[in-house]
Structure formats: structure tokens, C-alpha cells
Amino acid sequence: MKHLLRNVLLLSALFSLGACAGSGPAAPAASTAPDTTRKATTVPATTPAAEDLSRYRPVFAAPKVSATVSAAPARPVTPTNQVNAQVEQRLRDQAYTNQQVKYAQGFRILAYVGLEKEQAMAIRRSVISRYPEETDYLTFKQPIFRLWIGDYLTRLEAEQALLRIRPLAPKAELESAQVIINKTAY
């Protein structure tokens, strides 16, 4: 009895698979590549009207070939009055604003950090005597003295100055700081 029930179930499953396979879409009649060019074609009687999408395809005219092509290269046009008065005024305003900026982010050399004022002053005197163009900043925040040297906008400038000052202050190091841009104006 079990074998009979199993065979009936298998047979019904086989029939249902056959029915599904038979109800699928029909295969194309010819195995040639479809024609993608736009032609005035008539719809074959076997294809349903809903399948014909050729009327929705865009039609483009062929580009016209110009018979006269100039062989001489075009001459460059020299611009005249390419900057108008408003742009020039804005540039002058920006230049004035830039002149008013006093500080920028840059680097200073921390030449001394310690408790002894005499040692900080000795390093300061030696740096100023050898490099008088350098600016020095000595601060005291109890109980520590700090001596900074220079105002450098780029790290490259600061590294070059550090190599010059290192023989005078062996423990000198770079620090990021807000530096004065135009010292002559103050």
C-alpha cells in the first residue's frame, strides 16, 4: 500500500511539472539575430501587436557632411577687458582684508623649557647675537620658563631654522603655534 501511494504522488508531481513546462513562452521561430535598424516594416501576423515596440524607437537624421572645411587653423582671439570693474573692486577689497590679517597658524622653535631664568636668558642672548633677525618670546608661567624663537609659516622654514639653532640650544624642538605674519607693520 505504501508503494502504491508513493507511486501515485510521484506520478502526479510528474504530470504537474509537464503542465508547467508546456505553458511557458514559445521559443522564437528563427535563430537569426534581430534586426535593429529602423525600417518601415509591417507587423507579421504571428506576432501580437502588443509586442511591436518599433514605433517607440527614436529616429535620428543622418549628420550632414560639410563640403567646405577650412584648412587654415583658427587664429587665437586676444581678450580685451576680461576683468570688469566689479571683479577688480572685489580683488582690491580682498587684498585690503588680507593686509589686515595679523596672525596665522605656523611654527615656532621651543628652545628652552625649565626652571632657571639665567639659563633661558643665556640661550636667548646667544641666539640673538648670532641671528639678530630672529624674534624671541620668553614666557614665565610659574615655575617654568619657556623660550620660543621665530615666526615660521611653513614647516620647511622652521626645520631649516631649527638646524641653525640646534648647536645653541641642543634640546630645541618644533611646536605648532599662532605666529605673527607681518612684523614690520607693528
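How many helices and strands make up the secondary structure of the chain? The chain comprises four helices and four strands, as seen in this predicted model.

**Figure 1. Overview of the chain and its order of elements.** Read from the N terminus, the elements follow the order α-α-β-α-β-β-α-β. The chain has 186 residues, of which 18% are buried. Its accessible surface amounts to about 15,900 Å², and carbon and sulfur atoms account for 60% of this area. When contacts between residues at least 6 apart in sequence are considered, 69% of them join residues at least 24 apart.

**Figure 2. Close-up of helix α4, with its buried and exposed residues.** Helix α4 spans residues 155–165, and A158, A161, L162 and I165 are its buried residues shown here. These residues lie on the same side of α4 because they cover an arc of only 105 degrees around the axis. On the other side of the helix, L156 and L163 are exposed.

**Figure 3. Close-up of the packing partners of helix α4.** The buried residues of α4 pack against elements from several parts of the sequence, named here with their residue ranges. Two of these partners are β1 (103–114) and α3 (117–130). Strands β3 (144–152) and β4 (173–180) are also packed against by the buried residues of α4.

**Figure 4. Close-up of R108 in strand β1.** R108 has a relative accessible area of 11%; this value is under 20%, and R108 is therefore classed as buried. The side chain of R108 reaches the backbone oxygen of G150 at 3.4 Å. A polar atom of the R108 side chain also lies 3.5 Å from the backbone oxygen of Q178. Apart from neighbours within four places in sequence, R108 is in contact with Y137, W148, I149, G150 and D151. The contacts of R108 further include E173, L174, E175, A177, Q178, V179 and I180.

**Figure 5. Close-up of a nonpolar surface patch that includes I181.** V101, L153 and I181 make this patch, which has an area of about 230 Å². I181 is found in the segment after β4. Is I181 buried, partly exposed or exposed? With a relative accessible area of 39%, I181 is partly exposed, because its value falls between the limits of 20% for buried and 50% for exposed residues.

Technical notes
Residues are numbered from 1 along each chain as its sequence is written. This is a predicted model: local features need pLDDT of at least 70, side-chain atom pairs count only at pLDDT 80 or more; totals for chains, interfaces and linings use all residues. Side-chain values use heavy atoms; hydrogens and water are left out. Buried means under 20% relative accessible area, exposed over 50%, partly exposed in between (1.4 Å probe, protein chains only). Helices (H or I, at least four residues) and strands (E, at least two) are DSSP runs, numbered from the N terminus. The arc is that of the directions from the helix axis to the C-beta atoms. Contact means heavy atoms within 4.5 Å. Accessible areas come from the Shrake-Rupley method with a 1.4 Å probe; for residues, only the protein chains shown count as cover. A polar contact is a pair of N or O atoms within 3.5 Å; within protein, one must be able to donate a hydrogen and the other to accept it, and residues adjacent in sequence count only if both atoms are side-chain atoms. Patches are made of residues with over 30% relative accessible area and no salt bridge: like charges are joined within 9 Å, nonpolar side chains (Val, Leu, Ile, Met, Phe, Trp, Tyr) within 5 Å. A salt bridge is a side-chain nitrogen of Lys or Arg within 4 Å of a carboxyl oxygen of Asp or Glu.
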